[in-house]
Amino acid sequence: MERIVSEAKELQAELVEMRRTLHRQPEIGMELPKTMAHTKQKLEELGLKPQIMGKSGLVVTIGQGEPCFLIRGDMDALPIKEESGEPFSSENENMHACGHDFHTTMLYGAAKLLKEHEAELKGTVKLMFQPGEELLQGAKAMVTDGVLENPKVDAAAMIHVFPGLPVKSGMVLVPEGGPFASTSDWFEINIQGKGGHAATPELTVNPLTVMSHIHLALHALEAREISMYDSAVISTTIMKGGVVDNAIPDTAYMRGSIRTFDQEVRKFIFKRIPEIAEGVAQTFGATVDVQMIEGCPTVEVDHDVTEAIRESLTQVFPGDIATPKDAGMHKLGGSEDFSYVTQEVPSSMLLLTSGHSDQYPYFVHHPKVVFDEDVLSKGAAVYTIIAMDWLAKNK
Ligand SMILES: [Zn+2]
Ligand SMILES: [Zn+2]
């Protein structure tokens, strides 16, 4: 496996070039025509036959027979105007602020390494290039379209780059088994009050008053009804209503995000938000229409797959393997739609640190975030090694 690491290092210049090409032309959502075309062409130049799945997903298999290990990279960007100051900054209004240009490039690098070592593979590696991660729709769509079938996937893993942590660049953070990234759900509440003149509140039902009380009651739900052994976040993020200072509006609208790690806690909150909103509305003589919307489930990290990966990587990169806790992280409060894969097959999720916080102070999704390109070849090597080793151990 040391050979893979040195071969990956030889790819570094090509990977930097590919990453910068993708970085200049970020695309968002489920349709990524330029990103997909560029990646597909580069895979074809390796002699591979990538299949298009959905509008912009790509699936490639290398090797043959059982078992089958899937490695996944996402390809979409964010509707953020880049302020990083990099000479290869985005040329449009979007930005690769979550490092998915790294993931696409690292997975391409793995394709190249795996193709060169195809004869040594003890099974099949399936590479999943997905759109729409930021919408939390891309992985679900590809699972629905059959990415885990033909050949049937036995286990899977993904890598996410992570700048801004107080640890050296190029560390691989391997979590413990269990839920790692949170669910991402949301609520929407339409409040029907009774509008009227601002000077005669006694003739109206002000939906803004109702909305304020619902907002506070939801924080009480979070603070007073969830056990200290569980965790949940309920954040109101949109409150809208009213147009002018001398009229009480008829309706108001609020919306917010819910994050949990436990299915029972998730169900409890889904039950309580409508109860609270309806109760508060009734108190003030208003009515509400509450929608609870399921986003994506938790990323479930499989113990066995992850410990096999930890063992493989520790042999090849001694000193560079740690846990998220070592880097000051408990779990990921953000969500990751690879969760849809982890709900179907035993899976793992790795973090690749890409810039010490001293030199790289910004996190992903910040308009000024910068990523350390030195980790590109390492990412390609990690994808390759975990796939080859898992196949060998599970033949
Ligand atoms: Zn993101
Ligand atoms: Zn991301």
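The paragraphs below lead through a predicted model, beginning at two zinc ions and then turning to a sheet and the helices that pack on it.

A good place to start is the zinc ion (ligand 1), which is coordinated by Cys-98 through SG, by Glu-134 through two OE atoms and by His-365 through NE2, at 2.0 to 2.7 Å. The 4 donor atoms around this zinc ion subtend angles of 52 to 150°, and the arrangement therefore counts as irregular. To be called tetrahedral, four donors would need all their angles to lie between 85 and 135 degrees. Along the sequence, the donor residues of the zinc ion (ligand 1) follow the spacing C-x35-E-x230-H. Distant parts of the chain are linked here, for Cys-98 sits in the loop between strand S3 (68–74) and helix H4 (100–116), while His-365 sits in the loop between strand S16 (347–353) and helix H10 (376–394), 267 residues apart. Cys-98 counts as buried because its relative accessibility is 7%, whereas His-365, with a relative accessible area of 37%, is partly exposed.

The second metal is the zinc ion (ligand 2), whose protein donors are Cys-98 (SG), His-100 (NE2) and His-160 (NE2), lying 2.1 to 2.4 Å from it. In sequence these donor residues are spaced C-x1-H-x59-H. Again the chain is brought together from distant parts, since His-100 belongs to helix H4 and His-160 to strand S5 (residues 155–162), 60 residues apart. His-100 and His-160 are both buried. What connects the two metal sites is Cys-98, which bridges the zinc ion (ligand 2) and the zinc ion (ligand 1), and these two ions lie 3.2 Å apart.

Away from the metals, the reader can look for an open sheet of 4 strands, which has the order S10-S12-S8-S13 and antiparallel pairing. Strand S10 (232–240) and strand S13 (287–296) form its edges, each of them pairing on one side only. From one strand to the next, the twist averages 20°. Within this sheet, strand S8 (residues 184–192) and S13 pair in the antiparallel sense over 8 bridges, and the bridge partner of Phe-187 in S13 is Met-292.

Two helices accompany this sheet. Helix H6 (residues 207–224) lies across S8, S10, strand S12 (251–260) and S13, and runs at about 170° to S10. Helix H7 (residues 263–284) also packs on the sheet, where it touches S8, S10, S12 and S13, and its direction makes about 165° with that of S13.

How values were computed:
Residues numbered from 1 in each chain as written. Chains lettered and ligands numbered in written order. Predicted model: local features only at pLDDT ≥ 70, side-chain atom pairs only at ≥ 80, totals over all residues. Heavy atoms only, no water. Donors = N, O, S within 2.8 Å, 3.2 Å for Na, K, Ca; no water. Tetrahedral: all angles 85-135°; square planar, octahedral: opposite > 155°, others 65-115°. Buried < 20%, exposed > 50% of the residue type's maximum accessible area, 1.4 Å probe, protein only. Pairing = 2+ DSSP bridges. Axes fitted to C-alpha atoms, helices over the stretch in contact; angles between N-to-C directions. Contact = heavy atoms within 4.5 Å.
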